[in-house]
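Reader: I'm new to this structure and a bit lost. Please pick one part, look at it closely, and then work outward from there.

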Amino acid sequence: MDLKRILIVEDDGDIQELLQNFLEAANYIVTLASDGVEAISRFHEKKYDLVLLDVLLPKIDGYSICELIRKESTVPIIMVTALDSEANQIKGFDLEIDDYVTKPFSMEILLRKISAVLRRTAAKPRCNQISYQGLILDIDGYQTCMNGKIIDLTLREFELLRELLTHQGKVLTRQMLLNRLWEYDFYGDERVVDTHIKNLRKKLGVDYIETIRGVGYRIDKEN
């Protein structure tokens, strides 16, 4: 039996325990995160089938977490929050969440919503890849292939390559890349970007990445 893995992002210990107990009883594999920084860290550790996401969280709020996840994944997201206004719900759906559940909630209803979202996902597999001149990035699987050969990249190298390919034709400055990829844990020299670019070029064996002297880096648009 293929058990589904769910990431629960919730800072209330009682609600965490309630969700974990019910979901594990329903044969889901559960991982917990209590704040926004921990949520992003946990998300990068494993591949999840669904994320249950609170909005009012310490360190990084749920909307920001959703934005960060959507930059790299189409994993289903259900927001579970006390914010019940129409504006809050619209904001969530504009960030491409799959459902919105307000507290207090029925655990039985939530379980059925989770099941329904997972059924829709299984029925319509989401293709989430970037292709470029023989290079393929599997965004959800964090796998990189060059002409059919798997290239072993670090997480940061993968994210850097993904960012450049997502913005083909646009020059990304070192500071822009630091803000987007090192935002919550970087305190050093911006030349760390140069080091990662150098390693990327070496591993790929093809120099797709153009240096714009004094500005930053760019990957040209594919014809």
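Author: Let's start with strand β1, residues 5-9: four of its five residues are buried, so β1 is largely enclosed by the rest of the structure. Buried here means under 20% relative accessible area, while exposed is over 50% and partly exposed is in between, using a 1.4 Å probe and protein chains only. Strands (E, at least two residues) and helices (H or I, at least four) are DSSP runs, numbered from the N terminus.

A quick word on the ground rules. This is a predicted model, so local features need pLDDT of at least 70 and side-chain atom pairs count only at pLDDT 80 or more, though totals for chains, interfaces and linings use all residues. Residues are numbered from 1 along each chain as its sequence is written, and side-chain values use heavy atoms, with hydrogens and water left out.

Back to β1 and its neighbours. Two strands pair if DSSP finds at least two bridges between them. On that basis β1 runs parallel to strand β2 (residues 29-33), joined to it by five bridges. One of the matches to look for is valine 9, whose bridge partner in β2 is alanine 33. To get from β1 to β2, the chain passes through helix α1 (residues 13-25), and this β-α-β crossover is right-handed. Right-handed means that, with the strands pointing away from you, the path from the first strand over the helix to the second runs clockwise.

β1 also pairs with strand β3 (residues 50-53), again in parallel, through four bridges. Here isoleucine 8 stands opposite leucine 52 in β3.

Now zoom out a little, and β1 turns up in an open sheet of five strands with parallel pairing, in the order β2-β1-β3-β4-β5. β2 and β5 (99-102) are at the edges with a single partner strand each, so one side of each has no neighbour in the sheet. From one strand to the next, the twist averages 20 degrees. For angles like that, axes are lines fitted to C-alpha atoms (for helices over the stretch in contact), and the angle runs from 0 to 180 degrees between N-to-C directions.

There's another open sheet to find, this one with three strands in the order β10-β12-β11 and antiparallel pairing. Its edges are β10 (172-173) and β11, each with a single partner strand, so again one side of each is left without a neighbour in the sheet. Four bridges tie β11 to strand β12 (residues 216-219), with isoleucine 212 opposite glycine 216 in β12.

Next, the rings. The structure has four aromatic pairs. Rings of Phe, Tyr and Trp (its six-membered ring) pair if their centres lie within 6.5 Å; planes under 30 degrees apart count as stacked, over 60 as edge-to-face, and the rest as tilted. Among the pairs, phenylalanine 43 and tyrosine 48 are stacked, at 6.4 Å centre to centre with 20 degrees between the planes. Phenylalanine 43 is buried at 8% relative accessibility, and tyrosine 48 is buried at 6%. Tyrosine 132 and tyrosine 208 make an edge-to-face pair, because their planes are at 85 degrees, with centres 5.1 Å apart. This pair links distant parts of the chain, 76 residues apart: tyrosine 132 is in strand β6 (residues 129-132), and tyrosine 208 is in the loop between α8 (192-204) and β11 (209-212). Tyrosine 132 has 4% relative accessibility and counts as buried; so does tyrosine 208, at 11%.

For contrast, phenylalanine 93 in helix α4 (residues 86-94) is partly exposed, with a relative accessible area of 39%.

Helix α6 (residues 155-166) deserves a look too. The expected span of a helix is 1.5 Å times one less than its number of residues. For the twelve residues of α6 that gives 16 Å, and its end C-alpha atoms are indeed 16 Å apart. Nine of those twelve residues are buried, including Phe158, Leu161 and Leu164.

Finally, the cysteines. A disulfide is a pair of cysteine sulfur atoms within 2.5 Å, and the structure holds zero of them. Cysteine 66 is buried at 0% relative accessible area, and cysteine 145 counts as buried at 17%.
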